[in-house]
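Got the viewer open? Here is a walk through the model, one selection at a time.

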Amino acid sequence: MNGPNTNITALITEKFISAAPQAAAKALGALATHEAVLLLKPLKAEMMIACLNPMDTQKAAAILRRLPARQGAHVLSRLDMVQAARIFEAFSVPQREKMKTLLPAHFVKTLEQSLAWPPQSAGAKMSADFLSFKTEAKLADVIEKLKNMPRKKLPLACFVTDKNGKVKGFIRSAELAFYESVSTAGSVMSPAQSVLPTAQAEAALKIIEQGQPLVPVTDKDGVLLGVLGGAVLTAETPARKKRFGWF
């Protein structure tokens with residue numbers, strides 16, 4: 001790459017993105033779309049997500065359109081729900097139809113509904129970046145999955161769902177070492193309280209106050225749509241930050 005953008009591209013490293021995602025998003029937004037794609041395409045999905053979440057919607061949509069379809073669908077499905085919905089809306093009709101073939105049907109339905117949710121609703125605040133396993137999954141497989149994740153991305157808990165994606169419970173990640181690895185996720189899970197996407201996000205905070213580390217957001221049938229954590233919820237309520245500092 002030549003010209004005035006050379007200095008900017010030299011700064012866009014994974015270390016920089018991790019430390020300052022807002023600044024990285026702004027820097028990438030100043031580049032031509034093809035330049036931004038060249039920089040982002042080789043990065044891990046978590047780095048791309050960190051940049052695209054705070055980026056201007058139109059620019060983020062243009063970048064995702066140029067990625068390989070499956071890579072673009074994977075990243076879209078892990079973005080903050082409102083940003084993902086805005087990007088999905090910004091796609092052309094053919095692009096949306098193509099994405100629909102690569103995304104779970106319930107996620108597409110959520111995308112199409114989410115822009116109508118109130119700003120302070122659970123759905124507007126939730127993240128689609130969560131880890132879930134079926135009830136019959138062996139804990140050895142759960143542990144192996146966690147071992148392969150970056151330390152800073154390790155979730156406080158993993159959700160357990162049935163074959164249809166309905167939430168059945170959760171397992172605290174820190175407690176996995178205390179169970180037999182041949183046990184199934186369903187046999188060691190704890191009951192999970194969930195909220196609907198149209199509920200006030202404050203309802204999820206009350207559940208966290210009672211000791212549940214993460215709160216699943218589900219549709220009316222109990223299908224897992226997203227997750228809410230204390231870090232997101234307390235960020236907008238400074239008075240509670242000290243009380244929930246461990247999140």
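How many bridges join β1 to strand β2, and which way do the two run? Select residues 157–161 for β2, and put β1 (132–134) next to it. Three bridges join them, and the strands run parallel. Zoom in on S132 and you'll find F159 of β2 standing opposite. Before going further, keep in mind that this is a predicted model.

**The three-stranded sheet**

Now add β3, residues 167–172. You have an open sheet of three strands in the order β1-β2-β3, with mixed pairing. β1 and β3 stand at the edges with a single partner strand each, so one side of each has no neighbour in the sheet. Turn the view to look across the strands: the twist averages 30° from one strand to the next.

Next, show residues 139–147. That's helix α12, which lies across β1, β2 and β3 and runs at about 160° to β1.

**The hairpin**

Move along to residues 214–218, strand β4, and bring in β5 as well. These two pair in the antiparallel sense over five bridges. To check the register, pick L214, which stands opposite G229 in β5, then P216, which stands opposite V227. Five residues lie between the two strands of this hairpin, and G222 takes a positive phi near 90°.

Is β4 covered on one face or on both? Colour its residues by side and see: L214, P216 and T218 are on one side, V215 and V217 are on the other, and all of them are buried. That makes five buried residues out of five for β4. Strand β5 (residues 224–229) is mostly covered too, with six of its six residues buried.

**Helix α5 and what covers it**

Jump back to residues 45–52, helix α5, where six of the eight residues are buried. Show side chains for E46, M47, M48, I49, C51 and L52, which are the buried ones. What covers them? Switch on α2 (14–19), α3 (21–29), α4 (33–40), α6, α7 (69–76) and α8, which are among the elements doing the covering.

**Helix α4, with a stop at T33**

Stay with α4 for a moment. Six of its eight residues are buried, so the rest of the structure largely encloses this helix. The buried ones to select are T33, E35, A36, V37, L39 and L40.

Is T33 buried or exposed? With a relative accessible area of 17%, T33 counts as buried, because the cut-off is under 20%. Leaving aside neighbours within four places in sequence, T33 is in contact with K59, A62, I63 and R66.

**Where α6 meets α8**

Now select residues 57–66 for α6 and show α8 alongside. The two helices pack at an angle of about 70°, and their axes are 9 Å apart. They are therefore roughly perpendicular to each other, and α6 passes α8 in a right-handed crossing. For the contact itself, show T57, Q58, A60, A61, L64 and R65 of α6 together with Q83, R86, I87 and A90 of α8.

While α8 (residues 81–90) is on screen, look at how it sits: seven of its 10 residues are buried. They are M81, V82, Q83, A84, A85, I87 and F88.

**The nonpolar cores**

Last stop: the packing inside. In soluble globular proteins, nonpolar side chains tend to be buried together. Which residues touch the most other members of the largest nonpolar core? Select L28, L52, L64, L76, L79 and L111; the core they belong to has 50 residues. For one close-up, centre on L79. Not counting residues up to four places away in sequence, L79 touches I49, L52, N53, L64, A84, I87 and A128.

Finally, select A137, L139, V142 and V188, which are included in a second, separate core of 12 residues.

Methods: Residues are numbered from 1 along each chain as its sequence is written. This is a predicted model: local features need pLDDT of at least 70, side-chain atom pairs count only at pLDDT 80 or more; totals for chains, interfaces and linings use all residues. Side-chain values use heavy atoms; hydrogens and water are left out. Buried means under 20% relative accessible area, exposed over 50%, partly exposed in between (1.4 Å probe, protein chains only). Helices (H or I, at least four residues) and strands (E, at least two) are DSSP runs, numbered from the N terminus. Two strands pair if DSSP finds at least two bridges between them. A nonpolar core is a set of buried Ala, Val, Leu, Ile, Met, Phe, Trp, Tyr and Cys residues joined through side-chain atoms within 4.5 Å. Contact means heavy atoms within 4.5 Å. Axes are lines fitted to C-alpha atoms, for helices over the stretch in contact, and angles run from 0 to 180 degrees between N-to-C directions. Angles under 35 degrees count as roughly parallel, over 145 as roughly antiparallel, 65 to 115 as roughly perpendicular and the rest as oblique. A crossing is left-handed if the near helix is turned anticlockwise from the far one by less than a right angle, and right-handed if clockwise.
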